[in-house]
Amino acid sequence: MTQHDASDRATVRLIPKAEARAIRHGYPWVYANELVTDRRTRGLPAGSLALLEDANRTPMGVVAVNPASKIICRMLDQNPDAVIDQAWFAARISRALAHRARVYPEPFYRLIHAEADGLPGVIIDRFGDIAVVQPNAAWADVLIAPLVAALQDVTGVTTVIMNGTGRTRALEGLAERMDVLAGNAPTAPVAVPMNGATYLADIMGGQKTGLFFDQRPNHAFAAGLSRDARVLDVFAHVGGFGLAALAQGAASVLAVDGSAPALDLAEQGAAAMGVADRFSTRKGDAFDVLTALAEEGAQFDVVICDPPAFAPGKAALEAGLRAYERVARLAAPLVAPDGYLALCSCSHAVDLTKFRNASARGIGRAGRRGQIIHTGFAGPDHPLMPHLAESGYLKAVFFRL
C-alpha cells in the first residue's frame, strides 16, 4: 500500500457528538476524543493518510493521522479522492509563493505558515536560495521527500535544511533532528535585508529557523518612532528592533539579551550596516538588566521588550501574565517623559485583551500613565486561518508614556 493511493487508504470516523460542521467549514483538526479510536485506528502508523468520514459515513476528506497526538487528525484536503504527492505539494507552495512575491521585493520571508497555507504543522522560512523546513507534524516527516522536491521545483531554492527541533515535535511523539535535505549547509551566518537593516541569521545553530520574520511590521513601526532617539531593545535576539531603529536614524541603541551568540550576530549586523558606533550590547538576564538600568538612572526615548513566550500553553497562562506585567513594570521607569514603550507577546495562550491589561497594570504599578498609540501583529507572510485562533499568536502594543 502506498501513502498516495486513495483506493488503499484506511478510513477513520468521527463519533456522533463530534462537530462535523466545523470541519466542513474549514476547522483543520480532529481531537482524539472526537474520533472512533478502535484497535485498527490506534494501530495506524504516525503520519498515515486516511479518509475521514462523519458519523453517518459521509466522506469528509483526506486527513493525516497520528494516534500518538492529542490532535489525532489534521485535514489535508477536503476532496476525499485527493492524491497527496509532489504535484499536490507544488500547488500549495505555488499559491503561498504568489502571495509572498507580491508583498515582498526580496525572497526573505515565511513561505509556509502551517495550517493557514494548507500544510498543517509545516513551517518553511526562506532565506534567498536557502529554505528551512520545520516539519512539526508526523505526516510531514513521512512525506518530506515529495515536499522538498516540490519546494525546490516551485521556488528554485538550492539548499533545504530540516530543523526538527522544538516543543511541538515532542507533542507529536517525534524525535529532534537537524538535517541538510538538499544542497550544502551554510558555513556562516546568512545576511538578511529587512526594513533597511541587515540581519545575520545563524540558520544551523540559532533559535527556530535562525531569524524571526514575524515582527517585521512591528520593527518598522518602532523604527519610525526612533529617529534621533535613544533606544533600548530588550530580549534583542539578533537585533530585530534595534538594527531597524538604527536604519531609520536612531541616535543610539542598547541591545540586551541573555545569549552571547545572538548579541554577537547583532553586532555583526550593525557593523555590516556601518552603524556600529551607535550600537552597544549588554548580556544578561533581562529582568536583572532592567533593574540595574533603573538604578543607574538610565533614560531612553524608545524602549522595546520582545520576550520569549511566557505562556506557551494554557497551564502557564497566569504565570505568563504576571511575567508580562513585571516586564512592563520594570521597563516603564526607563522611558523618558513622552517617550514610547513597545511590549510584545508571542504566547498562543495569551489573547490581546489579557496581554494589554497585564501590560497596562505593570505600567500603572511603575507609577506611569500611558496611551496606546498602535497595536501590531505578525506580517502578511504569517497569514491567519480564521477558524484557528492559535495561528494569531503575536501581539505588539505601543504605549506613549
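Here are five short exercises on the structure above, each with a worked solution.

The model is predicted, so to speak of local features a pLDDT of at least 70 is needed, side-chain atom pairs count only at pLDDT 80 or more, and totals for chains, interfaces and linings use all residues. Residues are numbered from 1 along each chain as its sequence is written, and side-chain values use heavy atoms, with hydrogens and water left out.

**Exercise 1. Overall form**

Task: Find how the radius of gyration of the protein agrees with that of a compact globule of 401 residues.

Solution:
- Start with the rule, which takes 2.2 Å times the number of residues to the power 0.38, the radius itself being taken over C-alpha atoms.
- For 401 residues a compact globule would have a value near 21 Å; the protein has 23 Å, which agrees.
- Next, look at the box: along the principal axes, the C-alpha atoms fill roughly 70 × 45 × 35 Å.
- Finally, count the elements: the protein has 12 helices and 19 strands. These are DSSP runs numbered from the N terminus, with helices being H or I of at least four residues and strands E of at least two.

**Exercise 2. A salt bridge between buried residues**

Task: Locate R100 and D117 and state whether they are buried or exposed.

Solution:
- The structure holds 15 salt bridges, each a side-chain nitrogen of Lys or Arg within 4 Å of a carboxyl oxygen of Asp or Glu.
- In one of them, the side chains of R100 and D117 meet at 2.6 Å, N to O.
- R100 sits in helix α3 (residues 86-103), while D117 is in the loop between β6 (108-113) and β7 (122-127); the pair links distant parts of the chain, 17 residues apart.
- Both residues are buried, where buried means under 20% relative accessible area, exposed over 50% and partly exposed in between (1.4 Å probe, protein chains only).

**Exercise 3. Two further pairs**

Task: Work out which parts of the chain the pair R365 and E325 ties together, and how accessible K354 is.

Solution:
- The side chains of R365 and E325 form a salt bridge at 2.6 Å, N to O.
- R365 belongs to helix α12 (residues 352-365) and E325 to helix α11 (residues 317-331), so parts 40 residues apart in sequence are tied together.
- R365 counts as exposed at 56% relative accessibility, whereas E325 is buried at 10%.
- Now take K354 and D351, whose closest N and O atoms are 3.8 Å apart in a salt bridge.
- K354 is partly exposed at 37%, and D351 is partly exposed at 35%.

**Exercise 4. Around I373**

Task: Place I373 in its strand and list its contacts beyond four places in sequence.

Solution:
- I373 lies in strand β18 (residues 371-376).
- At 35% relative accessibility, I373 is partly exposed.
- Contact means heavy atoms within 4.5 Å. Leaving aside neighbours within four places, I373 touches F221, L225, Y340, F398 and R400.
- Check Y340: 33 residues separate it from I373 in sequence, and the C-alpha atoms are 9.2 Å apart.

**Exercise 5. An enclosed helix**

Task: Explain why helix α8 is described as largely enclosed.

Solution:
- Helix α8 covers residues 240-247, and because 7 of its 8 residues are buried, the rest of the structure largely encloses it.
- The buried residues are G240, F241, G242, L243, A244, A245 and L246.
- After α8 comes G249, with a positive phi near 95°.
- For the whole protein, 53% of the 401 residues count as buried.
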